[in-house]
Amino acid sequence: MVWLSGIINLIIPAIIFLYLNDVIFLSKNTDKSAVGKKSRRHKMIKLLLLSPIGLFVALIAMVITIDLVANSFLVATGVIEFTGESTIVPRLSSSRGFFLESDTIGSYDIGTIVVLAISLALAVPLLMLFMRKYCKAVDCSWGLGVFVYMAVLFMYVTSTIVSMPINDVNPSASGLISSASFIAMLLIFYIPSRDKIELMRQNENSNILKQINTLPIINFVLLLILLAFEILIIQNGYMDALYYTVILIFAVILYAESQFAYSILFKHVEELGRIEELSYESLASQEQVTLAFAEITEAKSGQTGQHIKRVSEYSKVIAQAMGLPQKEVENIRIASMMHDIGKLLIPPEILEKMGRLTEDEFETMKTHVTIGENLLHNAPGEIMSVARVIAQQHHEWYNGNGYLGMRGDEIELPARITAVADVYDALTSNRSYKKAWYSDQAHEMILNESGEHFDPEVVKAFDEHFDEILEIQERYRDELNAPVKGIRR
């Protein structure tokens with residue numbers, strides 16, 4: 001019965017951990033195909049191994065390994081006579097699940113102290129490794145991953161503290177109390193906060209998550225110290241109602257402090273959500289103003305607003321493919337609309353000239369990048385700052401042969417992205433001096449210019465998402481342009 005109760009006490013937290021992650025992270029994957037379901041099952045198995053229970057099993061395996069190595073070394077060096085003097089072995093308890101216990105009776109010898117010291121030093125890096133792999137498995141930020149993982153760890157250790165002293169009196173009841181207290185804390189913590197956790201997931205890159213998680217982590221360390229103190233009291237036979245009451249009071253205080261820290265976090269996240277809503281409204285307004293200016297520029301140069309939309313959407317696809325944060329992607333999408341804003345001050349006879357420009361006319365045309373930078377130089381806001389960079393640098397070459405002679409990383413990333421988008425659209429559009437290229441011809445040219453005209457990483461993102469580029473090209477096709485042709489299959 002004790003074994004069964006101990007196993008159940010391990011399984012319940014693992015199931016709840018999987019449930020929480022399924023609700024918060026895995027269920028957000030809308031892929032309902034057989035491949036999507038298989039991927040989800042694989043993630044569930046990986047999460048089971050990375051769960052707090054998996055962490056405890058790894059810790060036990062680590063301690064046993066260190067115990068074997070350390071004792072072998074101590075015996076070989078003559079510090080102890082035989083390994084049985086300080087052997088650490090795993091046990092199973094209804095309240096504590098799997099845990100470690102020293103076979104040394106009455107005291108801890110030097111072998112045990114060495115093993116525990118090394119294990120303690122390695123426990124923190126192991127915990128960090130587990131949490132990093134966990135964040136990667138569920139594809140979340142470090143802040144949100146720590147929040148969810150530490151919450152489950154905290155509840156599990158707290159439930160162990162609550163139930164452990166009852167184990168000697170009634171092992172079965174102890175396991176039941178441990179599981180019940182774990183579930184109760186989950187309901188108190190998770191159910192009222194479910195919507196807020198979802199809001200956190202949407203804002204998981206916020207620095208607030210990293211800052212506010214500090215207190216619960218400190219509290220968790222204190223909780224482990226409290227657990228170690230409780231184990232020490234029990235092993236020495238001093239546990240009574242008074243000690244148990246004091247330990248429970250400290251556990252409740254730590255739990256309350258953590259909940260207080262999380263309540264502050266939720267408040268900040270809610271405020272962040274309201275700020276995001278206002279930001280989206282402001283972003284929409286800026287986009288309309290930007291589009292209006294850009295359309296005026298394109299009309300002056302004899303082009304249509306569809307060119308602006310295509311370059312904007314191409315830039316968005318490339319930026320997303322390069323893994324940029326969503327805010328940066330949106331800034332680039334909107335700012336790229338103003339890449340040719342400097343053409344507003346280029347003489348009409350040059351902009352509207354049929355055929356190729358003379359050398360002097362081309363030199364005048366090249367000045368639109370510095371004109372654009374000057375026009376946007378004092379414009380406030382992040383988008384205008386990005387637009388200024390793009391307007392100035394979108395004709396730079398990666399090898400330094402561009403208008404201003406900038407090269408490599410001297411050219412800021414938004415400009416390197418817009419350069420690929422602009423050239424591809426120029427190639428596949430009709431101009432007064434040329435016919436539109438087929439899409440596969442333009443695609444091949446972009447690939448051939450990787451490392452010369454264009455940033456190789458940008459070209460790679462463009463190539464890997466070329467099907468999306470073709471869809472945008474067709475969606476915003478000008479009436480005078482030929483349909484998308486030469487599509488790769």
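Tutor: A residue is called buried when its relative accessible area is under 20%. The model discussed here is predicted.

Student: Does Ser336 count as buried or exposed?
Tutor: Ser336 sits in the loop between α12 and α13. Its relative accessibility is 0%. The cut-off for burial is under 20%, so Ser336 counts as buried.

Student: Which residues is Ser336 in contact with, leaving aside its neighbours within four places in sequence?
Tutor: Ser336 belongs to a loop, the one joining α12 to α13. With neighbours within four places in sequence left aside, the contacts of Ser336 are Val311, Ser312, Ser315, Ile390 and Thr418.

Student: How many helices and strands does the secondary structure of the chain come to?
Tutor: The chain has 489 residues, and 46% of them count as buried. Its secondary structure amounts to 20 helices and two strands.

Student: Among contacts between residues at least 6 apart in sequence, what percentage join residues at least 24 apart?
Tutor: The count takes in contacts in the chain between residues at least 6 apart in sequence. Of these, the share that links residues at least 24 apart is 69%.

Student: Why are α16 and α17 oblique to each other?
Tutor: Helix α16 covers residues 382-393 and helix α17 covers residues 413-427; their axes are 8 Å apart and the packing angle is about 55°. Angles of 65 to 115 degrees count as roughly perpendicular and those under 35 as roughly parallel. The angle here belongs to neither range, and therefore α16 and α17 are classed as oblique.

Student: Which residues make the contact of α16 with α17?
Tutor: The crossing of α16 past α17 is right-handed. On the α17 side the contact uses Pro414, Ala415 and Thr418, and on the α16 side Val386, Val389, Ile390 and Gln393.

Student: How do the residues of the contact of α16 with α17 divide into nonpolar, polar and charged?
Tutor: Both helices supply residues, among them Gln393 of α16 and Thr418 of α17. By class, the contact of α16 with α17 holds five nonpolar, two polar and no charged residues.

Student: At what angle do α12 and α16 pack?
Tutor: Helix α12 spans residues 326-335, and its axis is 9 Å from that of α16. The two helices cross in a right-handed sense, and they are oblique to each other. The angle at which α12 and α16 pack is about 60°.

Student: How many charged residues does the contact of α12 with α16 have?
Tutor: Lys327, Asn331, Ile332, Ile334 and Ala335 of α12 meet Glu382, Ile383, Val386, Ala387 and Ile390 of α16. Seven residues of this contact are nonpolar and one is polar; the charged ones number two.

Student: Which helices do the buried residues of α15 pack against?
Tutor: Helix α15 runs over residues 368-376, and its buried residues are His368, Val369, Ile371, Gly372, Glu373 and Leu376. These pack against α14 and α16.

Student: Which helix gives the most to the largest nonpolar core?
Tutor: The largest nonpolar core has 46 residues, and Phe25, Leu47, Leu55, Tyr134, Tyr149 and Ile161 have the most contacts inside it. Helices α1, α2, α3, α4, α5, α9 and α10 each supply at least two residues of this core. With twelve residues, the helix that gives the most is α5.

Student: Which residues is Tyr134 in contact with, leaving aside its neighbours within four places in sequence?
Tutor: Tyr134 is one of the residues with the most contacts inside the largest nonpolar core. Beyond its neighbours within four places in sequence, Tyr134 touches Phe17, Asn21, Phe25, Leu47, Leu50, Gly145, Val148 and Tyr149.

Student: How many residues does the other core have?
Tutor: This other core lies apart from the largest one, and its members include Tyr314, Ala387, Ile417 and Phe454. The number of residues in it is 36.

Student: Is Met44 buried, partly exposed or exposed?
Tutor: Met44 is placed in helix α2, and leaving aside neighbours within four places in sequence it is in contact with Leu18, Asp22 and Leu26. Its relative accessibility is 25%. Buried needs under 20% and exposed over 50%, so Met44 counts as partly exposed.

Student: How far apart in space are Asn219 and Phe154, C-alpha to C-alpha?
Tutor: Asn219 is in helix α9 and, at 1% relative accessibility, counts as buried. Outside its neighbours within four places in sequence, Asn219 is in contact with Phe154, Leu254, Glu257 and Ser258. Asn219 and Phe154 are 65 residues apart in sequence, and their C-alpha separation is 8.7 Å.

Methods. Residues are numbered from 1 along each chain as its sequence is written. This is a predicted model: local features need pLDDT of at least 70, side-chain atom pairs count only at pLDDT 80 or more; totals for chains, interfaces and linings use all residues. Side-chain values use heavy atoms; hydrogens and water are left out. Axes are lines fitted to C-alpha atoms, for helices over the stretch in contact, and angles run from 0 to 180 degrees between N-to-C directions. Helices (H or I, at least four residues) and strands (E, at least two) are DSSP runs, numbered from the N terminus. Angles under 35 degrees count as roughly parallel, over 145 as roughly antiparallel, 65 to 115 as roughly perpendicular and the rest as oblique. A crossing is left-handed if the near helix is turned anticlockwise from the far one by less than a right angle, and right-handed if clockwise. Contact means heavy atoms within 4.5 Å. Ala, Val, Leu, Ile, Met, Phe, Trp, Tyr, Cys and Pro count as nonpolar, Asp, Glu, Lys and Arg as charged, and the others, Gly among them, as polar. Buried means under 20% relative accessible area, exposed over 50%, partly exposed in between (1.4 Å probe, protein chains only). A nonpolar core is a set of buried Ala, Val, Leu, Ile, Met, Phe, Trp, Tyr and Cys residues joined through side-chain atoms within 4.5 Å.
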